[in-house]
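Colleague: I would like to go through a structure with you slowly, asking at each step how a term is earned. Could you show it first?

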Amino acid sequence: MIPSDPKQVKQICFDRINIPNVHKLSVAREHGAYEFLPTVLNEFDSDKIIDEVKTSGLRGRGGAGFPTGLKWSFVPRNTGKPTYLLCNADEGEPGTFKDRDIMRFDPHLLIEGMIMAGFALNVHDAYIYIRGEFLHEANVLNAAIEEAYAANLLGENILGTNYSMNLTVHRGAGAYVCGEETALIESLEGKPGRPRFKPPFPAVEGFYACPTVVNNVETLATVPAILKHGGEWHAAIGIPNNTGCKIFSVSGHVNKPGNYEVPMGTSMKVLIEEYCGGLQHGTVPKVIIPGGSSTPWLTAEHYDVPLTYDDIMKAGSFLGSGAVIVMDETADLVALTRRLSHFYAHESCGQCTPCREGTGWLDRIMVRVQGGAGTADDVDVLHDAAQHMAGRTICALAEGAAAPVLSLLKFFPEDVKARLAEKSA
Amino acid sequence: MTYLFINDEEVEVTPGTSILEACRQHGVDVPYFCYHPELSVAANCRMCLVEVEGWPKPAASCCTPVSEGMKVKTQTEGLKKDREMIMEYLLIHHPLDCPVCDQGGSCKLQDYTVKHGASRGRYAEPKRAVINYELGPFVNTCMTRCIHCTRCVRFADEVAGTGDIGVLNRADHMTIAGIVEEALESELSGNLPDICPVGALLDKPSHDVSRPWELDRHKSTCTQCPHGCDIQIESRGDVVVRIQPIEDSPEPWICDRGRYVYDAFRSDNRILQPKLRQGEQLVAASWDDAFAKTVELLKDKRVGILFSPDWSIEGQTAIRLMRDALFPEAKIAYGLHRRDMRTFAFEEGFSMTTAQIEAADHVVVIGSDLRQRLPLVMQRLRKRGRAGKPVSRIGAMNYRTDMQIDRDALIRPRDWAAVIARAMEQVSEVGKQASGFEAWMAAVPERHEAGKILADALLSDGCALLVGEEIRAHEDAAALIHGLDLLMRACGHAESESDGRNLLPEGMNRQVLSATHGDVRVSPGDLFAAASAGELDALIVIGSDPIGDGLFPTAAKAAFDKVPVVQIGSISGELADRVDVQLPAAAYSEIEGTFVNMEGRVRVASQPIKSLGEERPLWKVMMRLVQVMGGEVPVVSLDELRAVVAEKLPELGEAWKAGTIDQVLLKPRRNRNVDYLPAKPSDAFDLDVVSRYSLYREGMWARASALLSEAGRIHALDDLLVHPDTLQSLGLEAGEHTVRTFLGEARYEIGTREDVSPGVLFIAKRGVAGDLSDVSVASIEGGRS
Amino acid sequence: MSSETVRFSDERLAEIDKLVKRYPSAQSALMPVLHMAQEDFGYLSMDTQKMIAELLGLRLMQVREVVTFYTMFREQPCGSYLLEVCTNAGCMLNGAYELAEHMCNTLGIKMGETTEDGLFTIAEVECAGACGGAPVVQVNNVYHEHATPESMDALITKLRTGQEAVSEGGAA
Ligand SMILES: Cc1cc2nc3c(=O)[nH]c(=O)nc-3n(C[C@H](O)[C@H](O)[C@H](O)COP(=O)(O)O)c2cc1C
Ligand code: SF4
Ligand code: FES
């Protein structure tokens with residue numbers, strides 16, 4: 001079911017987004033917040049919830065697209081240790097800005113989703129790890145959580161049941177890598193955010209070596225609708241294996257940048273032209289980065305690609321976090337790549353040799369190339385250095401750092417060569 | 001077992017092993033930097049990549065567990081290129097200063113560059129600048145060479161327990177840095193240069209002295225503490241330039257005391273030739289003249305003998321042979337740290353290996369500054385701590401451990417009996433009894449709550465009791481040890497297969513000494529008293545320094561003033577001012593010999609370095625002495641001497657024969673028939689005296705070492721310490737006060753510290769307060785009356 | 001400042017007490033407490049770091065590692081108003097570099113510098129997570145989206161004359 005008329009679109013996470021003051025508990029409740037929660041707490045059990053989420057086909061919205069129900073089913077039970085639920089609100093991937101809107105406009109949706117997920121996983125302490133810069137969003141969330149505690153939606157014996165859960169907002173402090181789930185865990189433990197190697201996986205040994213689930217804001221915010229309407233309902237939206245709606249954060253050279261929640265399978269072209277008011281210059285984009293700056297580039301050839309995990313992968317990239325960065329013909333791709341290389345060189349946690357040294361190296365070469373001081377050898381070196389970072393490190397940051405450079409070299413070698421020629425000219 | 005294929009060969013490893021370990025175990029070479037078998041896995045260097053069939057990308061083998069049927073390849077074209085690139089990444093900021101780098105020749109980076117690197121680096125940008133940091137007297141830093149493997153950080157956290165090295169910043173301006181005021185707060189700091197795979201952390205004392213390829217290596221045994229580590233002495237010619245641990249020995253580390261004492265080998269304090277007293281001076285003499293004088297002093301005289309237990313077993317046996325041949329009446333004392341010479345229910349030595357102690361259900365440390373005494377055992381306890389296994393402790397001082405101690409109690413040494421009686425009460429209540437409990441408890445009027453900590457630990461399935469110097473040096477030690485023995489028996493920790501009784505010895509070889517010298521042994525105090533009382537005509541001191549060390553300095557000085565002293569040894573020490581003849585005996589680095597450590601593990605020193613002067617192995621000096629004194633020389637070769645040892649210690653004899661000497665574990669003696677009840681402590685003085693053992697200052701070798709002395713200065717505490725309440729109850733404040741003992745009165749600087757038990761006078765700096773070492777009780781004078 | 005003078009207020013200490021209880025271990029409270037300290041003292045001096053280490057029962061090195069890893073923690077004081085211009089992809093494509101240059105000119109300082117009067121510090125930052133409103137400038141952590149040279153000049157003038165106070169309270 002892929003309606004092409006924006007007005008017809010079913011919205012899940014953004015259902016209440018335009019209602020004034022819906023961040024207030026009373027307003028949110030008037031519009032259905034927590035309505036179904038008593039039913040879940042009283043009539044559902046872990047297995048039922050996990051089954052519904054599995055049936056729904058929901059895949060993680062944080063980037064990797066891992067099936068959420070499956071992830072939850074990996075959590076060992078009765079280990080004698082507590083299980084933790086961590087909401088990943090680090091939203092650091094350049095181009096991504098969707099979770100922020102959920103949190104600042106409809107915080108109760110996330111809170112309700114976390115209570116339900118927490119209940120399913122028998123969690124008694126849950127945390128929202130929010131990027132440090134989102135001070136306003138943290139304040140909105142804290143106010144909402146306070147209201148929820150007062151209304152017995154959080155804390156001891158929620159709504160008179162014997163389920164109890166605490167929820168704490170924890171601010172990061174400026175480190176992109178803390179969005180990676182094991183770095184997030186380290187950070188939440190009060191340490192530098194350096195990713196852990198796996199195994200062990202967080203589901204088994206995460207926060208303080210206890211079973212831990214890390215889910216993205218959007219993922220958790222989808223849970224209330226799934227439980228309310230049923231997994232089947234969610235599975236019917238989008239296309240098989242790519243179900244439900246997804247928020248796309250569109251930025252760059254479009255006329256109406258912003259967040260758009262559309263059913264999976266909507267085409268990229270429809271998203272850009274019908275929702276975002278088309279390009280600033282020209283009719284066909286030069287480059288589309290489909291899933292945040294760490295995903296390989298798509299070119300005009302794939303303008304029509306359906307927005308699904310599978311189709312974008314087939315086109316050579318990833319749906320990632322759904323951050324679509326659009327560039328029209330005016331874009332300086334060498335400059336853009338240089339800027340992204342700088343980002344990764346700044347954000348590498350520093351532990352893996354290829355990433356620590358490789359990101360800095362790429363950055364410095366790109367500065368030289370952009371400044372017209374590149375050499376013909378640089379193309380080879382860039383290629384080698386980027387190629388051997390990807391997939392050889394603890395986390396995927398290095399792969400993300402390689403992506404723009406490898407894309408630039410693959411699709412626009414002539415742009416690079418033109419820069420190299422500048423010096424000699 | 002898990003079966004997998006490494007380069008098409010099927011191998012078998014325990015489940016959960018990493019691919020890298022599986023390769024190492026089967027002799028397959030995989031390069032790595034950050035991995036270290038003794039440290040947690042960091043997986044950050046990414047040099048250990050291997051390919052696994054069916055996996056899209058290469059895997060870091062150090063952090064990837066094996067799985068059944070896995071097909072691993074360690075040599076492929078792809079990996080070759082990967083390794084080349086890792087080397088290129090690592091070298092972009094690494095200086096090209098191998099020719100001037102101390103690590104050159106033993107550098108992983110250099111080796112791998114040759115083996116795995118590309119022919120040229122392509123990095124054309126500026127290299128990063130990195131600041132060095134101060135790590136104290138033993139470690140130099142050259143941080144531009146750092147490859148960020150974090151081995152040193154993990155070492156500081158996990159092994160040293162000090163956590164004073166960390167990772168600052170991130171990305172490629174990430175740096176390894178230390179937080180150090182004057183020196184690393186660790187007695188294991190010298191291991192840092194060893195674990196650094198490149199030349200970023202370097203051994204400071206041997207800095208710029210030599211290159212690895214110029215060195216000769218000698219396997220020897222360190223006698224600086226009862227751990228008796230296997231060591232490799234590196235020398236250039238006959239000059240020792242470095243001491244290192246030996247790979248594949250039970251402990252991969254050695255402590256700073258054992259490592260840096262080597263400068264004492266060449267210090268002015270060495271006895272390198274015979275000397276004779278002429279007035280104030282000791283003057284060099286020939287062996288013949290020195291022996292002539294010795295004969296004059298000793299011939300037909302009543303002689304007392306004091307020796308250091310740190311000589312090799314062969315040396316000590318030779319001392320016994322000399323005594324039997326020349327002075328069959330002579331009393332012998334060894335070890336300067338025991339007041340109570342009655343038989344102990346369990347004698348000095350461990351019944352457990354350090355690995356067993358690490359694995360025990362519970363460990364209780366009774367009155368010991370373990371970090372200073374046995375740094376490597378302390379390190380094992382830290383490993384326990386990280387694995388969540390409990391360690392409890394009772395003692396007179398909250399000695400620093402650099403780990404989380406689970407339960408802790410501060411007590412005065414005079415409370416030990418009350419502690420033990422309290423524990424007896426508790427274990428009796430749950431039906432654990434030993435005959436003798438009743439009488440023992442009845443002899444003790446008080447109970448001390450710290451006994452609960454002891455009892456709780458004893459009630460676990462397996463319990464290692466580490467009994468330290470506060471008990472061993474106690475005036476009533478035999479009774480206390482008997483009490484502890486009863487407790488251990490009652491709780492089932494005294495069976496031979498689960499024996500948890502470990503009495504920390506002061507030095508090496510304790511398990512064999514009672515067999516070889518037990519029958520003629522007296523306390524050094526008695527020996528000195530006899531000399532002072534005119535019952536002896538002369539003393540022979542072989543390798544001990546009773547003025548600088550131990551519990552009897554005042555008594556020793558009095559005795560030396562009374563009778564002539566013949567000193568035989570490697571180091572002069574503080575007694576040299578008072579001796580008449582000095583005869584040089586070879587140092588432990590210069591001999592072939594056999595030693596036994598506190599676990600009963602036999603250590604063999606087999607490749608001596610050349611003597612520096614005229615010194616001879618101790619056994620030869622002893623035999624020469626017998627000869628010049630007109631006795632019948634009992635042995636003329638090391639083999640004959642060993643045959644004598646084998647008579648007294650058949651286990652050693654058999655092992656020598658079978659060539660399995662390094663697998664022997666000699667158990668300490670158990671004496672079931674002792675039955676001592678605690679004596680009522682006298683309360684003439686209100687404070688118990690406990691003195692600190694500093695691994696940088698204790699022992700004549702350490703004091704002769706400039707390196708250790710420097711570290712000792714940095715780590716020194718106030719002269720004397722008491723708990724603030726102790727002074728407060730006297731109406732006094734920290735400062736100079738008069739201390740009264742049965743020896744008289746003297747003024748000392750007294751500081752306060754919460755870590756000292758109330759009622760204890762803690763001698764933090766021996767030397768300064770040396771005379772207090774003779775006493776076990778004292779009072780502070782003054783204040784309100 | 002010596003460590004005696006760096007002290008949290010009693011209210012803060014009470015707040016920290018409560019905060020610590022929300023986590024399985026006090027170390028987790030380190031980042032929130034550093035945020036509070038930065039809010040209260042302006043930056044994280046070595047004395048502040050020592051004080052916090054003691055307060056939470058951590059080693060100084062554990063605090064140092066965290067302070068230096070995260071970009072939002074400052075070991076040096078900065079201007080009263082911290083202007084952080086995002087120049088990452090979304091903003092760059094919408095004129096962030098030109099905006100940044102303009103702001104530097106207006107303030108008469110270079111990127112990363114503080115004005116002589118100690119009022120403004122300008123810095124280039126990574127993606128602020130608001131690319132839909134590019135270009136984005138954060139002023140003391142308050143987002144200004146769709147920023148233009150004109151809107152920023154106006155803001156700077158207002159701040160300079162004290163007509164507008166920017167802050168959004170709450171550190172934890
Ligand atoms: C470098 C890096 C940065 C990441 N940043 C984020 C992020 O900001 N937000 C997020 O939800 N997931 C992020 N992820 C993905 C997380 O690791 C993890 O997959 C996700 O939080 C799981 O939640 P989900 O299953 O609900 O998607 C990042 C991953 C990497 C490797
Ligand atoms: S890939 Fe980069 S960011 Fe990720 S763990 Fe390694 S060094 Fe850190
Ligand atoms: S040894 Fe495996 S990553 Fe360093």
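**Reading the terms against the model**

Modeller: Six strands of chain B close into a barrel in the order S28-S32-S29-S31-S30-S33, and the pairing is mixed. The twist from one strand to the next averages 45°, where axes are lines fitted to C-alpha atoms, for helices over the stretch in contact, and angles run from 0 to 180 degrees between N-to-C directions. This is a predicted model, in which local features need pLDDT of at least 70 and side-chain atom pairs count only at pLDDT 80 or more, while totals for chains, interfaces and linings use all residues. Residues are numbered from 1 along each chain as its sequence is written, chains are lettered from A and ligands numbered from 1 in the order in which they are written, and side-chain values use heavy atoms, with hydrogens and water left out.

Colleague: What makes S29 and S32 of chain B a pair?

Modeller: Two strands pair if DSSP finds at least two bridges between them, and strands are themselves DSSP runs (E, at least two residues), as helices are (H or I, at least four), numbered from the N terminus. Strand S29 (residues 720–722) and strand S32 (residues 760–763) of chain B have two bridges in the antiparallel sense, so the condition of at least two is met. Within this pair, Leu720(B) stands opposite Ile763(B) in S32(B).

Colleague: Why are S14 and S16 of chain B said to stand at the edges?

Modeller: They belong to an open sheet of seven strands in chain B, with the order S14-S13-S25-S24-S23-S15-S16 and mixed pairing. Strand S14 (281–284) and strand S16 (331–334) of chain B each have a single partner strand, so one side of each is left without a neighbour in the sheet. Neighbouring strands of this sheet are turned by 20° against each other on average, direction ignored. Inside the sheet, strand S24 (residues 565–569) and strand S25 (residues 581–584) of chain B pair in the parallel sense over four bridges, and Val566(B) stands opposite Val581(B) in S25(B).

Colleague: Which strands does helix H8 of chain B lie across?

Modeller: Helix H8 (residues 313–326) of chain B lies across strand S15 (303–307), S16 and strand S23 (538–542) of that chain, and runs at about 180° to S15(B).

Colleague: Which residues come nearest to ligand 2, and what does "near" require?

Modeller: A residue is near a molecule or strand if one of its heavy atoms lies within 4 Å of it. There are 13 residues around ligand 2, and Cys349(A), Cys352(A), Cys355(A), Thr393(A) and Cys395(A) come nearest. The shell divides into nine nonpolar, four polar and no charged residues, where Ala, Val, Leu, Ile, Met, Phe, Trp, Tyr, Cys and Pro count as nonpolar, Asp, Glu, Lys and Arg as charged, and the others, Gly among them, as polar.

Colleague: How many residues of chain A are in contact with chain C, and what area is buried between the two chains?

Modeller: Contact means heavy atoms within 4.5 Å, and 61 residues of chain A are in contact with 43 residues of chain C. Buried area is the accessible area (1.4 Å probe) that two parts lose on being put together, summed over both, and between chain A and chain C it is about 4,000 Å², of which carbon and sulfur atoms give 54%. Arg171(A), Ala173(A) and Arg339(A) supply 17% of the area that chain A buries against chain C, more than any other three residues.

Colleague: What domains does chain A have?

Modeller: The assignment gives domain 1 (25–235), domain 2 (244–327) and domain 3 (333–424), with bounds that come from an automatic or database domain assignment. The centres of domain 1 and domain 2 of chain A, taken over C-alpha atoms, are separated by 27 Å.

Colleague: What makes Tyr34(A) and Pro199(A) worth pointing out?

Modeller: Most residues other than glycine have a negative phi, and most peptide bonds are trans. Tyr34(A), although not a glycine, has a positive phi of about 60°, and a cis peptide bond joins Lys198(A) and Pro199(A), with omega about -5°. Pro199(A) lies in the loop between helix H8 (181–188) and strand S4 (212–216) of chain A.
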